Amino acid sequence: MTTLLARWAPRRKGLTLQPLLDDDRPLSFSRSSYGSQEWDDSFLSTVEQAYRANGIVFACIQARMLPFSEVRFQVQEIVDGRPGKLRNVPSLDILDKPWPNGTTGELLSRMEQDVSVAGNFFATWVGDGSGRRLRRLRPDWVRIITGVEGDPTGGDPYDLDAQVLAYHYCVPGQPIIGLTPHRVIHYSPIPDPLAQWRGMSWLTPLIREVQSDKQATIHKLKFFENGAALGTVIRYDPSVTASELREHIALFNESHRGADKAYSTLHIGGGSDVTVVGTDLKTDFAKIQGQGETRIAAAAGVGAIIARFSEGLAGSALNQGNYQAAVRQFGDMTIRPLWRSAAGALSKLVTLGPDERLWYDARDVEFLKADRKDAAEIRDTTARTLKSLTDAGFTPESVILAVETDDLTRLVHSGLFSVQLRPGGTEITPTEVTP
């Protein structure tokens, strides 16, 4: 019987992994099998400095997470390599209730959060039968163990025969937990080019953009904190003593610092000369900050319109056609590929037949129903196609299957033909009449 969890302690010259595979063979490996996949120290800093501290990053992740969490999963039949009907099976219950009081939407929200911040979502399951539930693994506490199976030294993680051997889950202050690969759900829609088995956050190439937006926000805050002016230089009379200067500076700050004192009359002592340094906060500042927001939204795959940024809510961008085009692009190029990748990662939780796969069911996602006119036209075209093929003598069952799979080779003819296809004078018996 396969061991689910095992604990081990690091040794001086290497590590010995004790969780057993299906054939009950223990794995041994050296430290070299970790490769370049060391502890991810950037997770906490990204959460604290980007997700929690930057409104632009937070808005982009929310714009991805909210529609992503609306989908549900079904089992889809595969007929001759083509997708077929969607249906529900009992093993899908763990996705409907992944943990006590949890929902599919909460599971997908967690998946999107971790992928946006860390590039990877890890989870495992505990319990059996009706008591089985999912357990999210914090991504920066997970290390992927790679190497060559059966090699007593673990082998080189970059060897052609190398594979994922196990996962470390190390909660600080607790023993390391070993998980065999088939017990770990790993969702990483953006591959990391420098790590064979890990994903990359879409925030990775945007560090400078996020820092720039943060500095722009600080600049704007300081502008108002200092009386809505970029800087003031006061030249004092040389006879002013150091104690008098400190007293005057304290009095000046008390009277003029802060946005509530902006534009008030400036009173200074005799002999002082006031000079304003820099310029006022102009509209160019808003354009610069807005362009940075747009670049962040583009990397997130949502665009300025979906993220509701100023650049996307100005001028012609508010046009209804532009919004519908943005929604379609977001659905086709971002959200659907993410759903497809998530379905593949979660498929090990569901009992599937040889010609079945776990797939997403987006029919009830309101976000994708914005253009109902197109959907109605598609249904009308489909209905006319069904009628035309049925009137031509093909069986209704084969017509539906052919249209659903977009494969006309599935059409089966009933042997009944329309009257117009018969030669003149041909006698028609009642059984030959097409219903």
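Two strands count as a pair if DSSP finds at least two bridges between them. Helices (H or I, at least four residues) and strands (E, at least two) are themselves DSSP runs, numbered from the N terminus. With that in hand, here's one facing pair: Phe121 stands opposite Tyr187 in β11.

A word on the ground rules. Residues are numbered from 1 along each chain as its sequence is written. This is a predicted model, where local features need pLDDT of at least 70, side-chain atom pairs count only at pLDDT 80 or more, and totals for chains, interfaces and linings use all residues; side-chain values use heavy atoms, with hydrogens and water left out.

**The sheet.** Strand β6 (residues 121-126) runs antiparallel to β11, and three bridges join them. Add β7 and you get an open, antiparallel sheet of three strands, ordered β7-β6-β11. β7 (133-137) and β11 sit at the edges with a single partner strand each, so one side of each has no neighbour in the sheet. On average, neighbouring strands here are turned by 25° against each other, direction ignored; axes for such angles are lines fitted to C-alpha atoms, for helices over the stretch in contact, and angles run from 0 to 180 degrees between N-to-C directions.

**Confidence.** pLDDT is the predictor's confidence in each residue, from 0 to 100. The protein chain averages 77, with 71% of its residues at 70 or more. Among its elements, strand β11 (residues 185-187) has the highest mean pLDDT, 96, while strand β1 (residues 5-8) has the lowest, 36. Over residues 1-40 pLDDT stays under 50, and the model has 98 contacts (heavy atoms within 4.5 Å) beyond four places in sequence for that stretch. Residues 431-435 also stay under 50, with nine such contacts.

**Two loop residues with positive phi.** Most residues other than glycine have a negative phi. Asn101 and Arg308 aren't glycines, yet their phi is positive. For the table, exposed means over 50% relative accessible area, buried under 20% and partly exposed in between (1.4 Å probe, protein chains only).

| Residue | Phi | Loop | Relative accessible area |
|---|---|---|---|
| Asn101 | about 65° | between α3 (93-96) and α4 (104-118) | 77%, exposed |
| Arg308 | about 60° | between α8 (303-307) and α9 | 62%, exposed |

**Pro337.** Helix α9 (residues 320-346) holds Pro337, which is partly exposed at a relative accessible area of 24%. Leaving aside residues up to four places away in sequence, Pro337 touches Gly331 and Asp332. Pro337 and Pro189 are 148 residues apart in sequence, but 8.3 Å apart in space, C-alpha to C-alpha.
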